[in-house]
Amino acid sequence: MFGGGSSNFTKNLEKATSQLLLEPDWNAVLQIVDSIRQEDVQAKLALQAIRKKIGNENPHVSMFALQVLEACVKNCGSSFHNEVATKEFMEYLKDLVKIRNDPVKEKILELIQCWSHAFRNDPHYKVVEDTFHLLKMEGNKFPALKEADAMFDAEKAPTWKDGETCTRCRVQFTLMQRKHHCRNCGEVFCGKCSAKSSLIPKLGFEREVRVCDSCYEKINKKQKG
Ligand SMILES: O=P(O)(O)O[C@@H]1[C@H](O)[C@H](OP(=O)(O)O)[C@@H](O)[C@H](O)[C@H]1O
Ligand SMILES: [Zn+2]
Ligand SMILES: [Zn+2]
């Protein structure tokens, strides 16, 4: 099902959704996000594989898969949003809410509420908001919207830009001068201009990720201020 580079994706998805995990394997989750961003694997195929894991009857596997889904929606940009915000996938989640118990049911409701908020300005993804209202009308109880989720806004989910020179210092990328991406703005930088890392609450990772110097200032100044 998967070609070369994206067998990495499969390996990391197995790791990130292993029933032996006691807590999320954030490294594997980050690798999954990167492989979708770098288009090592198509968003469509990636979602199909994640969906299979969500459907696993072991609630641990299903929960870890939902956390992978959450990280991908928050970090993989519109190519992934286009696969999630479809009638077909929303129907699938709606049906799961009917047949699964907590915590899987609760997590799905939390995600649909979060995405309905995040996609509120984008008519493209109206099916998500419609699903949220339908589930509400069916009497489902939604958890309070988490502050980090409220900060997540689909338009700002950083879609990685590409380029042959550093966005900040304009140095040309070569074999020795590697290209890197800032997880917060999605711009491309040299190692020197993206040497810092930071937590980015809105992106849902519970570990520091590479950010460019100006995003580092923005994120940490805000938190200091
Ligand atoms: O090192 P390479 O084989 O060139 O691959 C680069 C790394 O994977 C970078 O990850 P990083 O941003 O976490 O460094 C990524 O941002 C670039 O797009 C890739 O080209
Ligand atoms: Zn630079
Ligand atoms: Zn940045």
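Which residues is Val97 in contact with, leaving aside its neighbours within four places in sequence? They are Lys105, Ile108, Leu109, Leu135 and Asn140, contact meaning heavy atoms within 4.5 Å. This is a predicted model, in which local features need pLDDT of at least 70 and side-chain atom pairs count only at pLDDT 80 or more, while totals for chains, interfaces and linings use all residues. Residues are numbered from 1 along each chain as its sequence is written, chains are lettered from A and ligands numbered from 1 in the order in which they are written, and side-chain values use heavy atoms, with hydrogens and water left out.

**Zinc ion (ligand 2)**

- Cys166, Cys169, Cys190 and Cys193 each give an SG atom as donor to the zinc ion (ligand 2), at 2.3 to 2.4 Å. Donors are N, O and S atoms within 2.8 Å of the metal (3.2 Å for Na, K and Ca); water is not among the atoms, so sites may look incomplete.
- The site of the zinc ion (ligand 2) is tetrahedral, with angles of 100 to 118° among its four donor atoms. Four donors count as tetrahedral if all angles lie between 85 and 135 degrees.
- Ideal angles for four tetrahedral donors at a metal are 109.5 degrees.
- Along the chain, the donors of the zinc ion (ligand 2) have the spacing C-x2-C-x20-C-x2-C. Distant parts of the chain are linked here: Cys169 is in the loop between α9 (147–151) and β1 (180–181), and Cys193, 24 residues apart from Cys169, is in the loop between β2 (188–189) and β3 (196–198). Helices (H or I, at least four residues) and strands (E, at least two) are DSSP runs, numbered from the N terminus.
- Cys169 is partly exposed at a relative accessible area of 35%, whereas Cys193 is buried at 1%. Buried means under 20% relative accessible area, exposed over 50%, and partly exposed in between (1.4 Å probe, protein chains only).

**Zinc ion (ligand 3)**

- The protein donors of the zinc ion (ligand 3) are the SG atoms of Cys182, Cys185, Cys212 and Cys215, 2.2 to 2.3 Å from the ion.
- Angles among the four donor atoms of the zinc ion (ligand 3) run from 100 to 122°, and the site is tetrahedral.
- The donor spacing for the zinc ion (ligand 3) is C-x2-C-x26-C-x2-C. Cys182, in the loop between β1 and β2, and Cys215, in helix α10 (residues 213–224), are 33 residues apart and link distant parts of the chain.
- Cys182 and Cys215 are both buried.

**Helix α7 and Val97**

- Helix α7 (residues 104–118) has 15 residues and spans 21 Å from its first C-alpha to its last, close to the 21 Å expected at 1.5 Å a residue. The expected span is 1.5 Å times one less than the number of residues.
- Because 12 of its 15 residues are buried, α7 is largely enclosed by the rest of the structure.
- Among the buried residues of α7 are Ile108, Leu109, Leu111, Ile112 and Trp115.
- The buried residues of α7 pack against α4 (59–75), α5 (77–84), α6 (87–99), α8 and α9.
- Val97 is in helix α6 and is buried, with a relative accessible area of 3%.
- The C-alpha atoms of Val97 and Cys182 are 35 Å apart, with their places 85 residues apart in sequence.

**Aromatic and charged side chains**

- The structure holds three aromatic pairs. One of them is Phe132 and Phe142, edge-to-face at 4.8 Å centre to centre with 80° between the planes. Rings of Phe, Tyr and Trp (its six-membered ring) pair if their centres lie within 6.5 Å; planes under 30 degrees apart count as stacked, over 60 as edge-to-face and the rest as tilted.
- Phe132 is in helix α8 (residues 126–137) and Phe142 in the loop between α8 and α9, 10 residues apart. Both Phe132 and Phe142 are buried.
- Arg51 lies over the face of Tyr92, 4.0 Å from the ring centre, and Lys196 over the face of Tyr216, at 5.4 Å. A charge sits over a ring if NZ of Lys or CZ of Arg is within 6 Å of the ring centre and within 35 degrees of the ring normal.

**Other positions**

- Asp34, in helix α2 (residues 26–37), is buried at 14% relative accessibility. Asp34 touches Trp160 and Arg183, not counting residues up to four places away in sequence.
- Pro103, in the loop between α6 and α7, is partly exposed at 39%. Its C-alpha is 7.7 Å from that of Pro59, 44 residues apart along the chain.

Definitions and conventions:
Four donors count as tetrahedral if all angles lie between 85 and 135 degrees; four count as square planar and six as octahedral if opposite donors are over 155 degrees apart and all others between 65 and 115; anything else is irregular.
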